[in-house]
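Reader: Hello! I would like a close look at a single part of this structure, with its neighbours brought in afterwards. Could you walk me through it in one connected answer?

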Amino acid sequence: RGIQLTPICTAKALCEEIRLKTNTSRSKQAGKRLLQAGRLAFHAARDARRFWKYSALSVYDMRYEQVNARIMYSVHALEKGLAQVDAWTPGRGRDALKNLNDALVVYISNGYDQSAFSFVEGVSIIQRYLERHAQHPSSIEFLHEIIDPCLLRPSRPEAFDSAGVKTVYRDDKAGNSKKGFYELAQGRSSVRAFSGEAIDTEGVMRALRNAQKTPSVCNRQGWHVYWTEDPSLARSVLAHQRGFAYSQMPEVLLAVTVTQSAFISPVERNQAFIDGGLFSMSVLYGLEAEGLAAVPLNACMYARDR
């Protein structure tokens, strides 16, 4: 009472009445961008040198972490093939088996611990491959040419039973919303073969809302989520991703991106991957709590995919 309300001016009208003050100028900012370009080039060159020095680019990069990485990469490739049901073809995976054999041989030759997780996984997946082909022996006659005999016939085959695939049932996840976080996380699996049955999409939305609490650098929350339930669109998107060769598309495809516009300095050039990874993991745990199967697919795409 007694207060007179005045309509708020539009930005254009306000600028016409007064001169807005800034603490910088276009010329100063142009100079700053030029300086940042030099810093970015310097950091990018350092990134390239570091990756060249430490990554597992060759099977003869023999540091323990490098050999481990090559083993697990090949194990993952073979597990993806064994997870296929309708589209499974006997004898596929020859290149992955070659790479796995070479990595395991380098591992053994360097005297690394053969009770370690990666080595056990590597030998185990070869055993699962043999088991899957028990009814198709003629399709794997090539194995003796590319796999060392000690890996085909390990002295203690019972010790190599960890790798492989399993079937996850919806009913097994019915009580997920009541589980503690540790139990929930320990029970999560990446599911690649989907039933095609309709799901509760509101559960997906709840998982996304929950993921909004994910921490991000300076609370900038640069992530975006693109959602489709159209199988043909999902198939065209995943064709660029190249990591999902299954006939049955997931009922919902979520594409998580992070805009570079959220970052202000060359030292933040990799922050999008960190923030996006944290957000994606939150989404996965949220989906698990809702009893919804999911698989994370990284998108290391080529320049031509832009």
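Author: Happy to. A residue is called buried here when its relative accessible area is under 20%. By that cut-off, twelve of the 16 residues of helix 5 are buried, so this helix is largely enclosed by the rest of the structure. Please keep in mind that the model is predicted.

Let us stay with helix 5 for a while. The buried residues run as a list from Ser118, Phe119, Val120, Glu121, Gly122 and Val123 to Ser124, Ile125, Ile126, Gln127, Arg128 and Tyr129. What covers them includes helix 3, helix 4, helix 6 and helix 7. The length of helix 5 is easy to check: 16 residues at 1.5 Å a residue should span 22 Å, and the end C-alpha atoms are 22 Å apart, which agrees.

Now for one of those covering elements, helix 3. Helix 3 (residues 64-82) packs against helix 5 (residues 117-132) at an angle of about 25°, and the two axes are 9 Å apart. Angles under 35 degrees count as roughly parallel, and helix 3 and helix 5 are therefore roughly parallel to each other. The crossing of helix 3 past helix 5 is left-handed.

Which residues meet there? On the side of helix 3 they are Asn68, Ile71, Met72, Val75, Leu78, Glu79 and Leu82. Their partners in helix 5 are Phe117, Ser118, Glu121, Gly122, Ile125, Arg128, Tyr129 and Arg132. Sorted by class, this contact of helix 3 with helix 5 holds eight nonpolar, three polar and four charged residues. Several names appear both in this contact and among the buried residues of helix 5, including Glu121 and Arg128.

Just ahead of helix 3 there is a loop residue to look at. Asp61 sits in the loop between helix 2 (26-54) and helix 3. With 23% relative accessibility, Asp61 counts as partly exposed. Leaving aside residues up to four places away in sequence, Asp61 touches Ser55, Ala56, Gln66 and Val67. By contrast, Ser216 is 155 residues from Asp61 along the chain, and their C-alpha atoms are separated by 34 Å.

Helix 2 has a residue of its own to show, Gln36. Gln36 is buried, because its relative accessible area is 16%. Not counting residues up to four places away in sequence, Gln36 touches Ile264, Ser265 and Pro266. The C-alpha atoms of Gln36 and Tyr73 are separated by 36 Å, with their positions 37 residues apart along the chain.

Back to the cover of helix 5, where helix 4 is another member. Helix 4 (residues 94-109) also has 16 residues, which at 1.5 Å a residue should span 22 Å; the end C-alpha atoms are 22 Å apart, in agreement. Its buried residues are Ala96, Leu97, Leu100, Asn101, Ala103, Leu104, Val106 and Tyr107. The elements that cover them include helix 3, helix 5, helix 6 (143-146) and helix 7 (149-152). Helix 4 and helix 5 thus appear in each other's cover. After helix 4 comes Gly111, with a positive phi near 75°.

For comparison, here is another helix pair. The axes of helix 9 (201-211) and helix 11 (residues 271-289) come within 8 Å and cross at roughly 140°. Helix 9 and helix 11 are therefore oblique to each other, and helix 9 passes helix 11 in a right-handed crossing. Val204, Ala207, Leu208 and Ala211 of helix 9 make the contact with Phe279, Ser282, Val283, Gly286 and Leu287 of helix 11. The classes in this contact are seven nonpolar, two polar and no charged residues.

The buried residues of helix 11 include Gln271, Asp275, Phe279 and Glu288. As a group, the buried residues of helix 11 pack against helix 8 (181-186), helix 9, strand 1 (223-228) and strand 2 (253-258). Gly291, just after helix 11, takes a positive phi of about 75°.

Two residues that are not glycines also have a positive phi. Gln221, in the loop between helix 9 and strand 1, has a phi of about 45°. Arg242, in the loop between helix 10 (231-241) and strand 2, has a phi of about 70°. Gln221 is partly exposed at 37% relative accessible area, and Arg242 is partly exposed at 41%.

How values were computed
Residues numbered from 1 in each chain as written. Predicted model: local features only at pLDDT ≥ 70, side-chain atom pairs only at ≥ 80, totals over all residues. Heavy atoms only, no water. Axes fitted to C-alpha atoms, helices over the stretch in contact; angles between N-to-C directions. Helix = DSSP H or I, 4+ residues; strand = E, 2+ residues; numbered from the N terminus. Parallel < 35°, antiparallel > 145°, perpendicular 65-115°, else oblique. Left-handed = near helix turned anticlockwise from the far one by under 90°. Contact = heavy atoms within 4.5 Å. Nonpolar A, V, L, I, M, F, W, Y, C, P; charged D, E, K, R; others polar. Expected span 1.5 Å × (residues − 1). Buried < 20%, exposed > 50% of the residue type's maximum accessible area, 1.4 Å probe, protein only.
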